[in-house]
Amino acid sequence: MTLTVETHQDPQRQSGPVSASVLRRGAGRWWLTRGHLHMAYLILAAMSGTGVVYRLGFQSPGWMALYALTILWYLRDWRQSAAILWQAWPVLMPCVIAMASTLWSVNPPVTAYRSFQLTMTTLIAVRIASAIPAHHTMIVVSLTSAIGVALSYLNSIVTFLSPAFHPNGALKGIYMHKNSLAKATVNAAHGLVTLGFYWRLSILGMLAAALMIPVLGMAQSAGAYVTFAILAIYVPVLWIRRWGGTARRVALLFSLMVLFLVPLAIYISGIDALGLLLERLGKDSTLTGRTVIWAFGLEEIAKAPIGGVGFGAFWSVPSYARLYIEAYVDEGLYWFHNSYIELMVGNGLLGAVTFFGLLIAVVIRCFRWYLQDGSVTSGYYLFYVLINLVAALSDNVIYNEHSIRHMLIAMAWIYAGRALGRWRDVPPRI
(Lines give C-alpha, C1' and ligand atoms only; values in the text may rest on other atoms or scores of the structure.)
Protein backbone atom coordinates (compact mmCIF):
# COMPACT_ATOMS: atom_id res chain seq x y z
CA MET A 1 0.00 0.00 0.00
CA THR A 2 1.40 3.37 -1.01
CA LEU A 3 0.91 6.36 1.22
CA THR A 4 0.17 9.64 -0.52
CA VAL A 5 -0.26 13.08 0.91
CA GLU A 6 -1.85 16.30 -0.22
CA THR A 7 0.29 17.55 -3.04
CA HIS A 8 -1.51 20.85 -3.52
CA GLN A 9 -0.07 22.37 -0.35
CA ASP A 10 2.73 24.84 -0.79
CA PRO A 11 5.40 24.04 1.83
CA GLN A 12 6.74 27.59 1.68
CA ARG A 13 3.35 28.94 2.74
CA GLN A 14 3.09 26.42 5.55
CA SER A 15 6.59 26.55 6.93
CA GLY A 16 7.30 30.19 7.66
CA PRO A 17 10.96 31.09 7.36
CA VAL A 18 12.65 28.82 4.84
CA SER A 19 14.67 26.83 7.34
CA ALA A 20 17.91 25.00 6.64
CA SER A 21 16.07 21.71 6.97
CA VAL A 22 13.73 22.60 4.08
CA LEU A 23 16.61 23.64 1.82
CA ARG A 24 18.68 20.57 2.59
CA ARG A 25 15.71 18.26 2.24
CA GLY A 26 15.13 19.71 -1.21
CA ALA A 27 18.73 18.88 -2.06
CA GLY A 28 18.14 15.26 -0.97
CA ARG A 29 20.28 15.36 2.19
CA TRP A 30 18.93 14.12 5.51
CA TRP A 31 21.52 14.79 8.23
CA LEU A 32 20.60 16.49 11.50
CA THR A 33 19.48 20.07 10.86
CA ARG A 34 17.91 22.93 12.78
CA GLY A 35 14.54 21.81 11.45
CA HIS A 36 15.02 18.38 13.01
CA LEU A 37 16.03 19.99 16.31
CA HIS A 38 12.86 22.08 16.28
CA MET A 39 10.85 18.93 15.61
CA ALA A 40 12.38 17.26 18.68
CA TYR A 41 11.63 20.47 20.55
CA LEU A 42 7.96 20.21 19.55
CA ILE A 43 7.78 16.57 20.65
CA LEU A 44 9.15 17.47 24.10
CA ALA A 45 6.70 20.37 24.40
CA ALA A 46 3.78 18.15 23.35
CA MET A 47 4.75 15.47 25.88
CA SER A 48 5.16 18.03 28.65
CA GLY A 49 1.92 19.78 27.76
CA THR A 50 -0.05 16.56 28.19
CA GLY A 51 1.46 15.82 31.61
CA VAL A 52 3.58 12.86 30.53
CA VAL A 53 6.81 14.44 31.73
CA TYR A 54 5.20 15.22 35.09
CA ARG A 55 3.93 11.64 35.32
CA LEU A 56 7.44 10.31 34.76
CA GLY A 57 8.89 12.59 37.42
CA PHE A 58 10.86 15.34 35.63
CA GLN A 59 8.30 18.02 34.79
CA SER A 60 10.09 21.04 36.29
CA PRO A 61 13.61 20.26 34.96
CA GLY A 62 12.12 19.49 31.55
CA TRP A 63 10.31 22.81 31.27
CA MET A 64 13.26 24.77 32.67
CA ALA A 65 15.42 23.24 29.93
CA LEU A 66 12.87 24.27 27.29
CA TYR A 67 12.78 27.79 28.74
CA ALA A 68 16.55 28.11 28.58
CA LEU A 69 16.69 26.74 25.04
CA THR A 70 13.93 29.11 23.93
CA ILE A 71 15.63 32.17 25.38
CA LEU A 72 18.92 31.11 23.79
CA TRP A 73 17.29 30.79 20.37
CA TYR A 74 15.57 34.17 20.64
CA LEU A 75 18.79 35.88 21.71
CA ARG A 76 20.93 34.16 19.08
CA ASP A 77 18.74 35.37 16.21
CA TRP A 78 17.53 38.51 17.95
CA ARG A 79 16.84 40.55 14.79
CA GLN A 80 14.80 37.74 13.25
CA SER A 81 13.14 37.09 16.62
CA ALA A 82 12.17 40.74 17.02
CA ALA A 83 10.50 40.73 13.61
CA ILE A 84 8.63 37.52 14.41
CA LEU A 85 7.44 38.77 17.80
CA TRP A 86 6.30 42.05 16.27
CA GLN A 87 3.98 40.11 13.97
CA ALA A 88 2.87 37.78 16.77
CA TRP A 89 1.73 40.57 19.12
CA PRO A 90 -1.94 39.40 19.26
CA VAL A 91 -0.95 36.04 20.80
CA LEU A 92 1.33 37.82 23.27
CA MET A 93 -1.21 40.38 24.51
CA PRO A 94 -2.91 37.95 26.95
CA CYS A 95 0.55 37.27 28.41
CA VAL A 96 1.13 41.00 28.81
CA ILE A 97 -2.14 41.34 30.73
CA ALA A 98 -1.25 38.33 32.90
CA MET A 99 2.15 39.82 33.74
CA ALA A 100 0.66 43.27 34.36
CA SER A 101 -1.78 41.77 36.86
CA THR A 102 1.21 41.23 39.16
CA LEU A 103 0.84 44.92 40.07
CA TRP A 104 -2.59 44.39 41.69
CA SER A 105 -2.41 40.68 42.48
CA VAL A 106 -3.42 39.33 45.86
CA ASN A 107 -0.21 37.30 45.69
CA PRO A 108 2.33 39.10 43.44
CA PRO A 109 5.12 36.47 43.59
CA VAL A 110 2.77 33.69 42.44
CA THR A 111 1.29 35.83 39.67
CA ALA A 112 4.74 36.90 38.49
CA TYR A 113 5.98 33.32 38.33
CA ARG A 114 2.89 31.83 36.68
CA SER A 115 2.55 34.66 34.16
CA PHE A 116 6.22 34.12 33.30
CA GLN A 117 5.43 30.46 32.66
CA LEU A 118 2.43 31.40 30.49
CA THR A 119 4.60 33.82 28.52
CA MET A 120 7.33 31.22 27.99
CA THR A 121 4.75 28.65 26.88
CA THR A 122 3.50 31.12 24.28
CA LEU A 123 7.02 32.04 23.16
CA ILE A 124 7.79 28.35 22.68
CA ALA A 125 4.70 28.07 20.47
CA VAL A 126 5.69 31.11 18.41
CA ARG A 127 9.22 29.80 17.99
CA ILE A 128 8.04 26.38 16.81
CA ALA A 129 5.46 27.84 14.41
CA SER A 130 8.10 30.09 12.88
CA ALA A 131 10.36 27.13 12.09
CA ILE A 132 8.17 24.06 11.44
CA PRO A 133 5.49 23.66 8.73
CA ALA A 134 1.87 23.48 9.86
CA HIS A 135 1.40 19.92 8.61
CA HIS A 136 4.50 18.73 10.49
CA THR A 137 3.15 20.16 13.73
CA MET A 138 -0.20 18.51 13.01
CA ILE A 139 1.44 15.11 12.51
CA VAL A 140 3.68 15.36 15.59
CA VAL A 141 0.91 16.46 17.98
CA SER A 142 -1.53 13.87 16.62
CA LEU A 143 0.92 10.97 16.88
CA THR A 144 2.19 12.10 20.30
CA SER A 145 -1.37 12.04 21.69
CA ALA A 146 -2.18 8.73 20.00
CA ILE A 147 0.98 7.03 21.29
CA GLY A 148 0.33 8.35 24.81
CA VAL A 149 -3.23 7.01 24.79
CA ALA A 150 -2.08 3.65 23.41
CA LEU A 151 0.54 3.34 26.15
CA SER A 152 -2.06 4.22 28.79
CA TYR A 153 -4.39 1.52 27.52
CA LEU A 154 -1.51 -0.98 27.38
CA ASN A 155 -0.51 -0.05 30.92
CA SER A 156 -4.05 -0.80 32.10
CA ILE A 157 -3.46 -4.37 30.95
CA VAL A 158 0.17 -5.16 31.77
CA THR A 159 0.88 -2.39 34.36
CA PHE A 160 4.46 -1.46 33.52
CA LEU A 161 3.98 1.83 35.45
CA SER A 162 2.60 2.22 38.95
CA PRO A 163 -0.95 3.64 39.08
CA ALA A 164 -1.49 7.39 39.33
CA PHE A 165 -3.79 8.01 42.28
CA HIS A 166 -6.51 10.65 42.35
CA PRO A 167 -9.82 11.20 44.21
CA ASN A 168 -11.72 8.87 41.88
CA GLY A 169 -9.36 5.94 42.36
CA ALA A 170 -6.23 4.61 40.67
CA LEU A 171 -5.66 5.14 36.97
CA LYS A 172 -3.15 2.82 35.36
CA GLY A 173 -1.77 5.07 32.67
CA ILE A 174 1.08 7.37 31.75
CA TYR A 175 -0.89 10.54 32.53
CA MET A 176 -1.01 12.25 35.90
CA HIS A 177 -4.82 12.36 36.09
CA LYS A 178 -7.85 10.87 34.40
CA ASN A 179 -8.74 14.29 32.94
CA SER A 180 -5.33 14.43 31.24
CA LEU A 181 -6.04 11.04 29.70
CA ALA A 182 -9.52 12.15 28.60
CA LYS A 183 -8.23 15.29 26.87
CA ALA A 184 -5.39 13.40 25.20
CA THR A 185 -7.86 10.76 23.98
CA VAL A 186 -10.10 13.33 22.27
CA ASN A 187 -7.13 15.04 20.65
CA ALA A 188 -5.72 11.67 19.59
CA ALA A 189 -9.02 10.69 17.94
CA HIS A 190 -9.20 14.07 16.20
CA GLY A 191 -5.60 13.65 15.04
CA LEU A 192 -6.09 10.09 13.80
CA VAL A 193 -9.13 11.09 11.73
CA THR A 194 -7.10 13.96 10.30
CA LEU A 195 -4.08 11.82 9.45
CA GLY A 196 -6.33 9.26 7.80
CA PHE A 197 -7.62 11.91 5.39
CA TYR A 198 -4.19 13.50 5.04
CA TRP A 199 -2.58 10.21 3.97
CA ARG A 200 -5.69 9.23 1.99
CA LEU A 201 -6.51 6.37 4.32
CA SER A 202 -9.67 7.95 5.69
CA ILE A 203 -11.46 4.71 6.61
CA LEU A 204 -8.40 3.47 8.50
CA GLY A 205 -8.13 6.81 10.33
CA MET A 206 -11.76 6.70 11.42
CA LEU A 207 -11.41 3.10 12.60
CA ALA A 208 -8.31 4.07 14.61
CA ALA A 209 -10.25 6.95 16.17
CA ALA A 210 -13.10 4.57 17.07
CA LEU A 211 -10.57 2.49 19.04
CA MET A 212 -10.17 5.49 21.36
CA ILE A 213 -13.70 4.98 22.73
CA PRO A 214 -12.70 2.25 25.26
CA VAL A 215 -10.09 4.64 26.65
CA LEU A 216 -12.78 7.27 27.14
CA GLY A 217 -14.51 4.67 29.28
CA MET A 218 -11.35 4.43 31.41
CA ALA A 219 -11.25 8.20 31.86
CA GLN A 220 -14.97 8.49 32.79
CA SER A 221 -15.14 12.10 31.59
CA ALA A 222 -18.48 13.55 30.49
CA GLY A 223 -16.74 16.50 28.86
CA ALA A 224 -14.57 14.16 26.82
CA TYR A 225 -17.62 12.34 25.46
CA VAL A 226 -19.17 15.66 24.41
CA THR A 227 -16.04 16.91 22.63
CA PHE A 228 -15.48 13.48 21.07
CA ALA A 229 -18.95 13.77 19.52
CA ILE A 230 -17.81 16.85 17.59
CA LEU A 231 -15.89 14.47 15.33
CA ALA A 232 -19.27 13.51 13.87
CA ILE A 233 -19.42 16.90 12.14
CA TYR A 234 -15.66 17.07 11.51
CA VAL A 235 -15.62 14.01 9.24
CA PRO A 236 -18.19 15.40 6.73
CA VAL A 237 -16.22 18.65 6.52
CA LEU A 238 -13.13 16.68 5.49
CA TRP A 239 -15.11 14.57 3.01
CA ILE A 240 -16.62 17.60 1.28
CA ARG A 241 -13.55 19.86 1.27
CA ARG A 242 -12.48 18.90 -2.30
CA TRP A 243 -15.84 19.72 -3.86
CA GLY A 244 -15.02 23.40 -4.26
CA GLY A 245 -15.53 26.67 -2.42
CA THR A 246 -19.34 26.56 -2.38
CA ALA A 247 -19.39 23.02 -0.99
CA ARG A 248 -16.92 24.03 1.72
CA ARG A 249 -19.13 26.89 2.79
CA VAL A 250 -22.17 24.64 2.89
CA ALA A 251 -20.25 22.01 4.89
CA LEU A 252 -19.06 24.56 7.43
CA LEU A 253 -22.50 26.14 7.73
CA PHE A 254 -24.08 22.72 8.25
CA SER A 255 -21.45 21.80 10.84
CA LEU A 256 -21.99 24.98 12.81
CA MET A 257 -25.74 24.53 12.68
CA VAL A 258 -25.37 21.02 14.07
CA LEU A 259 -22.87 22.17 16.70
CA PHE A 260 -25.20 24.87 18.04
CA LEU A 261 -28.69 23.63 17.16
CA VAL A 262 -28.43 20.07 18.50
CA PRO A 263 -27.84 21.22 22.10
CA LEU A 264 -30.63 23.78 21.63
CA ALA A 265 -33.01 21.10 20.35
CA ILE A 266 -32.18 18.83 23.28
CA TYR A 267 -32.83 21.70 25.69
CA ILE A 268 -36.17 22.61 24.08
CA SER A 269 -37.31 18.98 24.01
CA GLY A 270 -36.84 18.73 27.75
CA ILE A 271 -34.57 15.69 27.47
CA ASP A 272 -32.00 15.69 30.27
CA ALA A 273 -29.20 14.38 28.05
CA LEU A 274 -26.49 15.60 30.40
CA GLY A 275 -28.19 14.01 33.38
CA LEU A 276 -28.48 10.71 31.55
CA LEU A 277 -24.81 10.84 30.59
CA LEU A 278 -23.75 11.67 34.15
CA GLU A 279 -25.93 8.86 35.51
CA ARG A 280 -24.34 6.48 33.02
CA LEU A 281 -20.88 7.55 34.23
CA GLY A 282 -21.87 7.31 37.89
CA LYS A 283 -21.62 11.06 38.53
CA ASP A 284 -23.98 13.51 40.20
CA SER A 285 -25.82 16.53 38.81
CA THR A 286 -23.12 18.94 39.99
CA LEU A 287 -20.67 17.54 37.41
CA THR A 288 -18.54 16.14 40.24
CA GLY A 289 -18.72 19.44 42.10
CA ARG A 290 -18.04 21.65 39.08
CA THR A 291 -21.24 23.67 39.39
CA VAL A 292 -20.34 24.49 43.01
CA ILE A 293 -16.88 25.63 41.96
CA TRP A 294 -18.28 27.72 39.09
CA ALA A 295 -20.73 29.47 41.44
CA PHE A 296 -17.88 30.57 43.69
CA GLY A 297 -15.90 31.62 40.64
CA LEU A 298 -18.71 33.87 39.41
CA GLU A 299 -18.86 35.49 42.85
CA GLU A 300 -15.12 36.18 42.73
CA ILE A 301 -15.47 37.76 39.27
CA ALA A 302 -18.09 40.17 40.65
CA LYS A 303 -15.69 41.25 43.41
CA ALA A 304 -12.87 42.27 41.01
CA PRO A 305 -14.44 42.61 37.55
CA ILE A 306 -11.89 44.88 35.87
CA GLY A 307 -8.48 43.33 36.49
CA GLY A 308 -9.23 40.25 38.56
CA VAL A 309 -7.19 39.06 41.52
CA GLY A 310 -4.04 38.35 39.53
CA PHE A 311 -3.22 35.51 37.15
CA GLY A 312 -3.08 32.23 39.05
CA ALA A 313 -3.27 33.95 42.44
CA PHE A 314 -6.74 32.95 43.67
CA TRP A 315 -5.72 29.44 44.65
CA SER A 316 -2.59 30.60 46.49
CA VAL A 317 -4.22 32.67 49.27
CA PRO A 318 -6.73 31.69 51.99
CA SER A 319 -10.35 32.66 51.37
CA TYR A 320 -13.78 31.41 52.37
CA ALA A 321 -14.47 30.24 48.81
CA ARG A 322 -11.21 28.32 48.52
CA LEU A 323 -11.55 26.71 51.97
CA TYR A 324 -15.14 25.64 51.22
CA ILE A 325 -14.22 24.18 47.84
CA GLU A 326 -11.28 22.26 49.25
CA ALA A 327 -13.33 20.99 52.19
CA TYR A 328 -16.44 19.88 50.29
CA VAL A 329 -15.39 19.34 46.67
CA ASP A 330 -11.70 18.53 46.20
CA GLU A 331 -8.96 18.92 48.78
CA GLY A 332 -6.18 19.42 46.24
CA LEU A 333 -8.06 21.58 43.74
CA TYR A 334 -6.20 24.51 42.22
CA TRP A 335 -8.41 25.57 39.30
CA PHE A 336 -12.07 26.22 38.47
CA HIS A 337 -12.46 23.46 35.86
CA ASN A 338 -13.48 26.19 33.41
CA SER A 339 -10.92 28.16 31.42
CA TYR A 340 -13.21 31.17 30.99
CA ILE A 341 -14.03 31.51 34.69
CA GLU A 342 -10.35 31.04 35.51
CA LEU A 343 -9.49 33.81 33.05
CA MET A 344 -12.08 36.22 34.48
CA VAL A 345 -11.15 35.52 38.09
CA GLY A 346 -7.46 36.05 37.39
CA ASN A 347 -7.51 38.90 34.88
CA GLY A 348 -11.08 40.22 34.77
CA LEU A 349 -12.40 42.16 31.80
CA LEU A 350 -8.87 43.14 30.75
CA GLY A 351 -7.94 39.52 30.27
CA ALA A 352 -11.29 38.61 28.74
CA VAL A 353 -11.13 41.32 26.07
CA THR A 354 -7.61 40.41 24.94
CA PHE A 355 -7.98 36.64 25.07
CA PHE A 356 -11.49 36.40 23.66
CA GLY A 357 -10.41 38.80 20.93
CA LEU A 358 -7.55 36.45 20.09
CA LEU A 359 -9.84 33.40 20.08
CA ILE A 360 -12.34 35.06 17.74
CA ALA A 361 -9.54 36.19 15.43
CA VAL A 362 -8.00 32.70 15.35
CA VAL A 363 -11.34 31.05 14.52
CA ILE A 364 -12.02 33.58 11.73
CA ARG A 365 -8.54 33.08 10.28
CA CYS A 366 -8.89 29.30 10.36
CA PHE A 367 -12.32 29.52 8.69
CA ARG A 368 -10.88 31.64 5.90
CA TRP A 369 -7.89 29.32 5.56
CA TYR A 370 -10.17 26.32 5.14
CA LEU A 371 -12.42 28.13 2.66
CA GLN A 372 -9.37 29.25 0.68
CA ASP A 373 -7.64 25.94 0.04
CA GLY A 374 -9.79 23.23 1.63
CA SER A 375 -6.72 21.42 2.92
CA VAL A 376 -6.82 18.75 5.62
CA THR A 377 -4.29 20.82 7.55
CA SER A 378 -6.57 23.84 7.68
CA GLY A 379 -9.49 21.64 8.78
CA TYR A 380 -7.34 20.18 11.54
CA TYR A 381 -6.48 23.54 13.09
CA LEU A 382 -10.02 24.89 12.73
CA PHE A 383 -11.58 21.96 14.56
CA TYR A 384 -8.71 21.66 17.04
CA VAL A 385 -9.54 25.18 18.17
CA LEU A 386 -13.31 24.56 18.18
CA ILE A 387 -13.01 21.30 20.11
CA ASN A 388 -10.88 22.89 22.78
CA LEU A 389 -13.10 25.97 23.05
CA VAL A 390 -15.90 23.56 23.98
CA ALA A 391 -13.62 21.54 26.28
CA ALA A 392 -12.67 24.77 28.06
CA LEU A 393 -16.20 24.93 29.47
CA SER A 394 -15.46 22.03 31.82
CA ASP A 395 -11.70 22.06 32.24
CA ASN A 396 -8.64 24.31 32.12
CA VAL A 397 -7.26 23.51 28.68
CA ILE A 398 -6.44 27.02 27.38
CA TYR A 399 -5.01 30.23 28.86
CA ASN A 400 -2.90 27.95 30.97
CA GLU A 401 0.84 27.50 31.30
CA HIS A 402 2.40 24.35 29.85
CA SER A 403 -0.75 23.54 27.85
CA ILE A 404 -0.19 22.12 24.37
CA ARG A 405 -3.73 23.27 23.55
CA HIS A 406 -2.90 26.86 24.41
CA MET A 407 0.23 26.51 22.29
CA LEU A 408 -1.73 25.18 19.31
CA ILE A 409 -4.09 28.16 19.41
CA ALA A 410 -1.11 30.52 19.18
CA MET A 411 0.40 28.43 16.41
CA ALA A 412 -2.90 28.33 14.50
CA TRP A 413 -2.86 32.14 14.40
CA ILE A 414 0.56 32.09 12.75
CA TYR A 415 -0.08 29.20 10.38
CA ALA A 416 -3.45 30.55 9.20
CA GLY A 417 -1.99 34.02 8.77
CA ARG A 418 0.83 32.61 6.64
CA ALA A 419 -1.58 30.63 4.46
CA LEU A 420 -3.70 33.75 3.93
CA GLY A 421 -0.66 35.86 3.08
CA ARG A 422 -0.92 37.96 6.24
CA TRP A 423 2.29 36.72 7.82
CA ARG A 424 5.49 38.08 6.35
CA ASP A 425 8.22 35.46 6.48
CA VAL A 426 11.49 36.61 7.99
CA PRO A 427 14.70 35.51 6.23
CA PRO A 428 16.40 33.01 8.56
CA ARG A 429 20.02 32.76 9.53
CA ILE A 430 21.30 29.61 7.82
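This report walks through the fold, core, helix packing, aromatic pairs and a few buried loop residues of one predicted model.

Some housekeeping before we start. The model is predicted, so local features need pLDDT of at least 70 and side-chain atom pairs count only at pLDDT 80 or more, while totals for chains, interfaces and linings use all residues. Numbering runs from 1 along each chain as its sequence is written, and side-chain values use heavy atoms, with hydrogens and water left out.

**The overall picture**

The chain has 21 helices and 2 strands; these are DSSP runs numbered from the N terminus, with helices being H or I of at least four residues and strands E of at least two. Of its 430 residues, 56% are buried. Buried here means under 20% relative accessible area, with exposed being over 50% and partly exposed in between (1.4 Å probe, protein chains only). Contact means heavy atoms within 4.5 Å. Looking at contacts with a separation of 6 or more, 77% come from residues 24 or more positions apart.

**The nonpolar cores**

In soluble globular proteins, nonpolar side chains tend to be buried together. A nonpolar core is a set of buried Ala, Val, Leu, Ile, Met, Phe, Trp, Tyr and Cys residues joined through side-chain atoms within 4.5 Å. The largest one in this model holds 102 residues, and I124, I128, Y381 and I398 touch the most other members. Helix α21 (residues 404-419) gives the largest share of this core, 12 residues. Apart from it lies another core of 17 residues, including V309, L333, W335 and I341.

What does Y381 touch, once residues up to four places away in sequence are set aside? The list is A134, T137, M138, C366, W369, L408, A412 and Y415.

**Two helices side by side**

Helix α10 (residues 178-198) packs on helix α11 (residues 202-210) at an angle of about 170 degrees, and their axes are 7 Å apart. That makes α10 roughly antiparallel to α11. For reference, axes are lines fitted to C-alpha atoms, for helices over the stretch in contact, and angles run from 0 to 180 degrees between N-to-C directions. Angles under 35 degrees count as roughly parallel, over 145 as roughly antiparallel, 65 to 115 as roughly perpendicular and the rest as oblique.

On the α10 side the contact uses A189, L192, V193, G196 and F197, which meet S202, G205, M206, A208 and A209 in α11. Sorted by class, that contact has 7 nonpolar, 3 polar and no charged residues. (Ala, Val, Leu, Ile, Met, Phe, Trp, Tyr, Cys and Pro count as nonpolar, Asp, Glu, Lys and Arg as charged, and the others, Gly among them, as polar.)

**Aromatic pairs**

There are 13 aromatic pairs in the structure. Rings of Phe, Tyr and Trp (its six-membered ring) pair if their centres lie within 6.5 Å; planes under 30 degrees apart count as stacked, over 60 as edge-to-face and the rest as tilted.

The rings of W315 and F336 have centres 4.8 Å apart and planes at 55 degrees, so this pair is tilted. W315 sits in the loop between α17 (290-303) and α18 (320-328), F336 in the loop between α18 and α19 (339-373), and the two are 21 residues apart. Both W315 and F336 are buried.

W369 and Y381 form a stacked pair, 5.7 Å centre to centre with 25 degrees between the planes. W369 is in helix α19 and Y381 in helix α20 (residues 376-391), 12 residues apart. W369 and Y381 are both buried, and they belong to one aromatic cluster with Y380, Y384 and Y415.

**Buried residues outside the helices**

| Residue | Place | Relative accessible area |
|---|---|---|
| S101 | loop between α7 (89-100) and α8 (108-129) | 0% |
| T102 | loop between α7 and α8 | 19% |
| Y399 | loop between α20 and α21 | 4% |
| H402 | loop between α20 and α21 | 13% |
| W423 | segment after α21 | 7% |

Leaving out neighbours up to four places away in sequence, S101 touches T111, G310, F311, G346 and N347. On the same basis, T102 is in contact with P108, T111, A112 and S115.

Where does the backbone of Y399 stand out? Y399 has a positive phi of about 50 degrees although it is not a glycine. H402, also not a glycine, has a positive phi of about 65 degrees. Most residues other than glycine have a negative phi.

Finally, W423 and Q87 are 336 residues apart along the chain, yet their C-alpha atoms are separated by 7.2 Å. Beyond its sequence neighbours up to four places away, W423 touches I84, Q87, A88, I414, G417 and R418.
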